Structure formats: structure tokens, C-alpha cells
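Student: Please choose one part of this structure and examine it closely. I should then like to see how its surroundings relate to the rest of the chain.

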Amino acid sequence: MLKKLIFIFTVLFFTHAFSQQIPCYDLDQVLKVEPTPLYKLHIDASRSYRIRILKNVATIQQYINKGKLKSVNRKSRGYRIQNLEHSRPFLTGKARIILEKMGARFAKESAGHYFTVSSVTRTLEDQCRLRRVNPNASLGISAHNYGNAYDISYVRFDGKLKKNPGLEKKLEEVLEFYRRLGRILYIKEKQQACYHITVLNY
């Protein structure tokens, strides 16, 4: 019995160690996927930050050490970040500033309500694992892979998963304000019920 347990433990240990060394994605295949013309604008905007694709946690840490990625407050005026399973609460300095400003503006325009950020920065490893549970996740490069994009739910306000047309309208007005100001691009995603926001390198 003891030998059997030792054998099982050994197999599990080496399987885990081996899986940590081999990425779950094929970078060549990821790079081959062409973005749609609309989304290409987001990718081009992301690449202008001169941050290389965030492949894994170690890559994120390198940019944190360089001061190019900043920790994002989980809770601030006008927004909350939900529990993140497939992304990480770090953004470029400009992206973090715009999120804070958007939250404050939304709170002001909506008499103190807040919206929910459902996804922030994703590594290629995060994205690969997300596809295992969500086939709609991007097969190619995502703006999330550069640290200047995040998603905001349009069906979750004040911590409640419930449609609220009034608050959704207020949120879109805030997004339009910053789009016209030349600070962001955004797409309304129907399948994920969120706005995907990419912050420009203004």
C-alpha cells in the first residue's frame, strides 16, 4: 500500500513539474490567427505601448519591476473588480488612470452606483486555460495580453447580476465620452455581456 502511494505521488509530482515547463498554448498558432478589422484597431493600439505579449506570470512580473504595469485597486469610486479566475489586476499606468476616471465619472452621473470589472490583464497561459471553459475566448492575440484592456459587465451593477437599462445607458455614455476624447476604443460583446475596453496610448 505504501509503495502504491509513493508511486502515485511520484507520478503526480512529475506530471505537475512537466506541465509547468510546457506552455498550454502554441505561440506560432496563436500568432497566425488574424484579428477582425475592428479588433485589429485594438491590437495595434495595444502594441503601441511597446510591451511584448504577456506570456505568463513571470513576464508580468518583469514589467511590474520595470514600472510599466501597475497594480489596480480592487475597489474604488464607481467600480469593483470581481473575483478574477483567468486574469490579473494589473494595467499600464494610462489604463489604470482611465479606469479610475471612468469609475468616478460613472458614480457622479449615476448618483453613486458602481459597475463591475469582469476581466483585466490576461497572459497567454491565462487565455489558454480560459478557452478550456469558454470556447468563445480569443484564439489569437488579445488586447488583454498587453496590459491595457479590461472588460466591464453591462448586466452587473452594485454587485447584482441583473439587467438595469438605466445604468447600462449611463455606462455607455461614460464610454462614449472617453472614446470621443480619444482615450479608449470599445466593443459591446453580446456573448459575454460586457464592454471590452482598450485604452489608447494617448
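Tutor: Ala193 is a suitable place to begin: its relative accessible area is 17%, so the residue counts as buried (under 20% relative accessible area; exposed is over 50% and partly exposed lies in between, with a 1.4 Å probe and protein chains only). The model is a predicted one, in which local features need pLDDT of at least 70 and side-chain atom pairs count only at pLDDT 80 or more, while totals for chains, interfaces and linings use all residues. Residues are numbered from 1 along each chain as its sequence is written, and side-chain values use heavy atoms, with hydrogens and water left out.

Ala193 occupies the loop between strand 8 and strand 9 (helices, H or I of at least four residues, and strands, E of at least two, are DSSP runs numbered from the N terminus). Although Ala193 is not a glycine, its phi is positive, at about 55°. A second alanine invites comparison. Ala111 is likewise not a glycine and has a positive phi, of about 60°. Ala111 is found in the loop between helix 5 and strand 5 (115–119). With 72% relative accessibility, Ala111 is exposed, whereas Ala193 is buried.

From the loop of Ala193 the description moves into strand 9, which spans residues 194–199 and contains Thr198. The relative accessible area of Thr198 is 0%, and the residue is therefore buried. Leaving out residues up to four places away in sequence, Thr198 touches His42, Ala45, Ser46, Ala143, Asn148, Ala149, Arg183, Ile184 and Leu185 (contact means heavy atoms within 4.5 Å). The C-alpha atoms of Thr198 and Tyr146 are 9.9 Å apart, with these positions 52 residues apart along the chain.

Which residues of helix 3 are buried? In this helix, residues 37–47, they are Tyr39, His42, Ile43, Ala45 and Ser46. They fall within an arc of 160° when seen down the axis, so they line one face of helix 3 (the arc is that of the directions from the helix axis to the C-beta atoms). Strand 8 (184–189) and strand 9 are what these buried residues pack against. On the face turned away from the buried side, helix 3 carries the exposed residues Pro37 and Leu41.

Beyond helix 3 comes Arg50, in the loop between helix 3 and helix 4. Its relative accessibility is 74%, so Arg50 counts as exposed. Arg50 touches Tyr63 and Lys68, not counting residues up to four places away in sequence. Between the C-alpha atoms of Arg50 and Asn201 the separation is 10.0 Å, although they are 151 residues apart along the chain.

Tyr63 belongs to helix 4 (residues 57–65), where Thr59, Ile60 and Tyr63 are buried. These residues cover an arc of only 100° around the axis and therefore lie on the same side of helix 4. Strand 4 (90–91) is included in what covers them.

Strand 9 may also be approached from another direction, through Glu168, which is placed in helix 7. Its relative accessibility is 17%, so Glu168 counts as buried. Apart from neighbours within four places in sequence, Glu168 is in contact with Tyr154, Phe157, Lys188 and Tyr195.

Helix 7 (residues 165–180) in turn packs with helix 5 (residues 93–109) at an angle of about 135°, the axes lying 10 Å apart (axes are lines fitted to C-alpha atoms, for helices over the stretch in contact, and angles run from 0 to 180 degrees between N-to-C directions). The contact is formed by Ile98, Lys101, Met102, Arg105, Phe106 and Glu109 of helix 5 and by Leu167, Lys170, Leu171, Val174, Leu175, Phe177 and Tyr178 of helix 7. The contact residues comprise nine nonpolar, no polar and four charged (Ala, Val, Leu, Ile, Met, Phe, Trp, Tyr, Cys and Pro count as nonpolar, Asp, Glu, Lys and Arg as charged, and the others, Gly among them, as polar).

For the chain as a whole, the secondary structure comes to seven helices and nine strands. Of its 202 residues, 41% count as buried. Among contacts between residues at least 6 apart in sequence, 68% join residues at least 24 apart.
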